[in-house]
Amino acid sequence: MALIIDHGKLTDLPAINSIYNYYVLQSNISFDIEPWDEQKRLNWFEQFAENPDMYSLLVARLDGQLVGFAYNSKFKEKAAYASSSEVTVYVSTDSQGQGIGATLYSELLAKIASTRLHRLYAGITLPNDSSIKLHQKFGFKQVGIMREVGYKNGQYHSTALLEKCLKID
């Protein structure tokens, strides 16, 4: 079993959508309610081409099959937030527990280290102990909880906000 981490490509988008849309439809991890279609994923993908010095998309392939992806993107739209970025990782359900998410994050954080980013943030729907532990492993610290901030599948959900400082002034 050879795990390969590579830059995401246009041809990876159907597999990325397949992984992501599972979580949209089967969990509360994503606050999206409707699955992403090809055009929405293509629009999302353009951020990496438009700003390759700041944002990265990495994919994990296990024996040639895409089994996970991780990326960083804008934290918020307003210009003053440009020194911060949100990080995200998804692994297919049948590939969890093999260290793929940790490997993706390790590679992603190494790429981010060479950028001008100052802070990273991750929003995690609660409860999700495995995601919290993964982020803590890479130095993220919980800085807040947004209580009942989202409504999905007939109930309210809280999210934890985790932060990682990259550069100390």
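Modeller: Before you start, buried means under 20% relative accessible area and exposed over 50%, with partly exposed in between (1.4 Å probe, protein chains only). This is a predicted model, so local features need pLDDT of at least 70 and side-chain atom pairs count only at pLDDT 80 or more, while totals for chains, interfaces and linings use all residues. Residues are numbered from 1 along each chain as its sequence is written, and side-chain values use heavy atoms, with hydrogens and water left out.

Colleague: How many salt bridges does a search of the whole structure find?

Modeller: Here a salt bridge is a side-chain nitrogen of Lys or Arg within 4 Å of a carboxyl oxygen of Asp or Glu. Lys9 with Asp6 is one of them, and a search of the whole structure puts the count at four.

Colleague: In the Lys9 and Asp6 salt bridge, how far apart are the closest N and O atoms?

Modeller: Lys9 is partly exposed, because its relative accessibility is 37%. Asp6 is partly exposed too, at 28%. For this pair, the gap between the closest N and O atoms is 2.6 Å.

Colleague: Which residue forms a salt bridge with Asp12?

Modeller: Asp12 is buried, and its partner is buried as well. Its closest contact in the bridge, N to O, is 3.0 Å, and the partner is Arg61.

Colleague: How many residues apart in sequence are the parts that this pair, Asp12 and Arg61, ties together?

Modeller: Helices (H or I, at least four residues) and strands (E, at least two) are DSSP runs, numbered from the N terminus. The salt bridge joins Asp12 to Arg61. Asp12 sits in the loop between strand S1 (3–7) and helix H1 (13–26) and Arg61 in strand S2 (residues 57–62), so the sequence separation of the parts tied together is 49 residues.

Colleague: Is Glu77, the salt-bridge partner of Lys74, buried or exposed?

Modeller: Lys74 and Glu77 have their closest N and O atoms 3.4 Å apart. Lys74 has a relative accessible area of 41%, so Lys74 is partly exposed. Glu77 has 65%, which makes Glu77 exposed.

Colleague: Is the peptide bond from Leu126 to Pro127 cis or trans?

Modeller: Pro127 belongs to the loop between strand S5 (119–125) and helix H4 (129–137). Omega for the bond from Leu126 is near -5°, and the bond is cis.

Colleague: What is phi of Asn153 near?

Modeller: Asn153 is found in the loop between strand S6 (141–152) and strand S7 (155–165). Asn153 counts as exposed because its relative accessibility is 53%. Phi is positive in this residue, which is not glycine, with a value near 55°.
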